[in-house]
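Me: I have a structure to go through. Can we take the terms one by one, with the reasons behind them?

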Amino acid sequence: MISIKGLRKVFTSENKELTAVDDLTLDIKEGEIFGVIGYSGAGKSTFIRLLNRLEEPSSGNVVIDKQEITALKANELRTARQDIGMIFQHFNLLWSRTVEDNIAFPLEIAGVPKAERVNRVQELIRLVGLSGREKAYPSQLSGGQKQRVGIARALANNPKVLLCDEATSALDPETTNAILDLLVDINQNLGLTIILITHEMHVIRKICHRVAVMEQGKIVEQGDVLEVFTHPKEKVTKKFVAQVMGSDEHDQSEELYYLIENFKKGKLIRLHFLGETTNQTLISQLAKNFPVDINILQGKITQTQAGGYGTLVIQFSGDSSEIEKAIQFIQKETSVEVEVIKDAK
Ligand SMILES: Nc1ncnc2c1ncn2[C@@H]1O[C@H](COP(=O)(O)OP(=O)(O)OP(=O)(O)O)[C@@H](O)[C@H]1O
């Protein structure tokens, strides 16, 4: 769907050259939500702006849906941009226009007749959940509502791709979640390919299918979100994963030592969940099927688009042969990995 090859952007200021995006090659599939994460200055904004040529590349090419964006003349680019919606951190709304007039703006530019425009705007307002706010001005809206206007405006011409430039960075956590849910809805219901840049791993965890990690203009690691979360390779990736899961191995071993010392009966087990979508009822299944006591001691499980992952430490106590059967059940019937931390025998 999107093919990016050897993309570079060199800025020159005060006779110094700075390579903001450095020989970047990437393929993005149709219908996926692809996240690019990196710290400030990594080159994310420059990268996403190169895709629709808000920033002109120094070299390399970008192909979106078989059209080579980097080869288009100015007038061709204007038409091609109707297929590439974009939303921004600070919304970029027109402050003197109402909600409906902001959303109608790209339709006016595309020459859509008035009656059709009015219908389309109504449809978009419903889609993004802004019914009743049609006549409001941006200054009268909350941050989340402003971004909803931004999304509706970006979708007005039925684009194939939506570029999101730190779209939730100016929002509080609750509003961020609501906007992320809306992006997932749009992705699923309209089949829209979404590329987003962010410095928050929570955003990647919650909605992305694949992720690329950017550092100094380059992609240093990429893959399925679950794979990158469970097996981060680069130092920078490990830091991002720690934003969501916490990673301090020292802390973990201290906590385990505490559990081993204080829960001496039966067996202490650590369960490793990896992309489980079907095992959410595991504990209740164990409790129903085996005459053992289960004590939940510690856990951290988080949900991604590909299912949950994380660990759960439990204590089994009771008849040791029943405990063994319960463990065998987990090993045979689920893909949860079992690690025995301590066996009281
Ligand atoms: N117009 C410009 N002229 C000169 N240098 C620029 C320009 N735009 C960006 N840069 C530089 O390019 C590098 C990458 O910036 P970019 O904004 O793409 O990073 P980022 O990862 O999006 O970070 P942030 O989240 O802070 O914006 C930075 O060193 C920045 O100073």
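Reply: Start with residue classes. Ala, Val, Leu, Ile, Met, Phe, Trp, Tyr, Cys and Pro count as nonpolar; Asp, Glu, Lys and Arg count as charged; the others, Gly among them, are polar. By these classes the shell around the ligand has four nonpolar, seven polar and one charged residues. The model is predicted: local features need pLDDT of at least 70, side-chain atom pairs count only at pLDDT 80 or more, and totals for chains, interfaces and linings use all residues. Numbering starts from 1 along each chain as its sequence is written.

Me: What makes a residue part of the shell around the ligand?

Reply: Its C-beta atom, placed from the backbone, must lie within 6 Å of the molecule. Among the residues around the ligand are Phe11, Lys44 and Thr46. Strand E1 (2–13), strand E2 (16–28) and helix H1 (44–51) each give two or more residues. H1 gives the most, with three. Helices (H or I, at least four residues) and strands (E, at least two) are DSSP runs, numbered from the N terminus.

Me: How do you know that E1 and E2 pair?

Reply: Pairing needs at least two bridges found by DSSP. Nine bridges join E1 to E2, and the strands run antiparallel.

Me: Why are H3 and H5 called roughly parallel?

Reply: Axes are lines fitted to C-alpha atoms, for helices over the stretch in contact, and angles run from 0 to 180 degrees between N-to-C directions. The axes of H3 (residues 99–109) and H5 (residues 143–155) cross at roughly 30°. Angles under 35 degrees count as roughly parallel, over 145 as roughly antiparallel, 65 to 115 as roughly perpendicular and the rest as oblique. H3 and H5 are therefore roughly parallel.
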